[in-house]
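This report follows one stretch of a protein chain from residue to residue. Please keep the sequence and the 3D view open while reading.

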Amino acid sequence: MTAIYTAIATSTGRDGHSVTNDGKLDLTLAMPKELGGDGNGTNPEQLFAVGYSACFASAMKLVAARQQVDASEASVTAEVGLNPLDGGRFGLSVVLRVELPDHLQGEAGRKLVEATHQVCPYSNATRGNIPVDLVIE
């Protein structure tokens, strides 16, 4: 498969530093206070939440155009949970909260969000790997 775009980043860990090869992102990472860290930086779950919510919102605009509906006022909030698994392992879970304008409430909005979930690259990457709940607001 040939990629149409490749993002490249290098990181030193949760309590460390991350930078993209083009220098557009240059971040200090820190463990959140909830995990015993000082919280003086961002963390991978926040970055995943930003990426997933932005990608889903953009995919929704594409799908809305295909369906000939206006979703320009829609927004997406991603809640990414870090969850303990058996054997000392960890996993992620996601809740996507999709806020739709009044004219997309009901069946039209549900169809839009479900179709978006089939198009979004993050949804396709996570499907079958982590739980993703779609909540329409």
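## Contacts of E45

Apart from neighbours within four places in sequence, E45 is in contact with R14, V80, L82 and L92. The model shown here is a predicted one, and in it the side chain of E45 makes a polar contact with the side chain of R14, at 2.4 Å. E45 is found in helix 1.

Is E45 buried or exposed? Because its relative accessible area is 11%, and buried means under 20%, E45 counts as buried. A separation can also be given for E45 and V76, which are 31 residues apart in sequence and 16 Å apart in space, taken from C-alpha to C-alpha.

## The span and packing of helix 1

Helix 1 covers residues 44-67, which makes 24 residues, and at 1.5 Å a residue these should span 34 Å. The C-alpha atoms at the two ends of helix 1 are 34 Å apart, so the expected span and the model agree.

Several residues of helix 1 are buried, among them E45, A49, Y52, F56, M60 and V63. As general background, an α-helix has 3.6 residues a turn, so residues three or four places apart point the same way. The buried residues of helix 1 pack against two helices, helix 2 (107-119) and helix 3 (121-126), and also against strand 4 (75-84), strand 5 (90-99) and strand 6 (132-136).

## The two ends of helix 1

At the N-terminal end, helix 1 is capped by N43, which has a side-chain oxygen 3.1 Å from the backbone nitrogen of E45.

Which residue follows helix 1? That residue is Q68, and its phi is positive, near 60°, although Q68 is not a glycine. Q68 is found in the loop between helix 1 and strand 4. With a relative accessibility of 74%, Q68 counts as exposed, because the cut-off for exposed is over 50%.

## L82 and a nonpolar surface patch

L82, one of the residues in contact with E45, lies in strand 4. Its relative accessibility is 32%, and L82 therefore counts as partly exposed, a class that sits between under 20% for buried and over 50% for exposed.

Which residues form a nonpolar patch on the surface? L82 does so together with L35 and F90, and the accessible area of these residues together is about 290 Å². L82 is thus described in two ways here, as a contact of E45 and as a part of the nonpolar patch.

Conventions:
Residues are numbered from 1 along each chain as its sequence is written. This is a predicted model: local features need pLDDT of at least 70, side-chain atom pairs count only at pLDDT 80 or more; totals for chains, interfaces and linings use all residues. Side-chain values use heavy atoms; hydrogens and water are left out. Helices (H or I, at least four residues) and strands (E, at least two) are DSSP runs, numbered from the N terminus. The expected span of a helix is 1.5 Å times one less than its number of residues. Buried means under 20% relative accessible area, exposed over 50%, partly exposed in between (1.4 Å probe, protein chains only). Contact means heavy atoms within 4.5 Å. A polar contact is a pair of N or O atoms within 3.5 Å; within protein, one must be able to donate a hydrogen and the other to accept it, and residues adjacent in sequence count only if both atoms are side-chain atoms. Patches are made of residues with over 30% relative accessible area and no salt bridge: like charges are joined within 9 Å, nonpolar side chains (Val, Leu, Ile, Met, Phe, Trp, Tyr) within 5 Å. Accessible areas come from the Shrake-Rupley method with a 1.4 Å probe; for residues, only the protein chains shown count as cover. A salt bridge is a side-chain nitrogen of Lys or Arg within 4 Å of a carboxyl oxygen of Asp or Glu.
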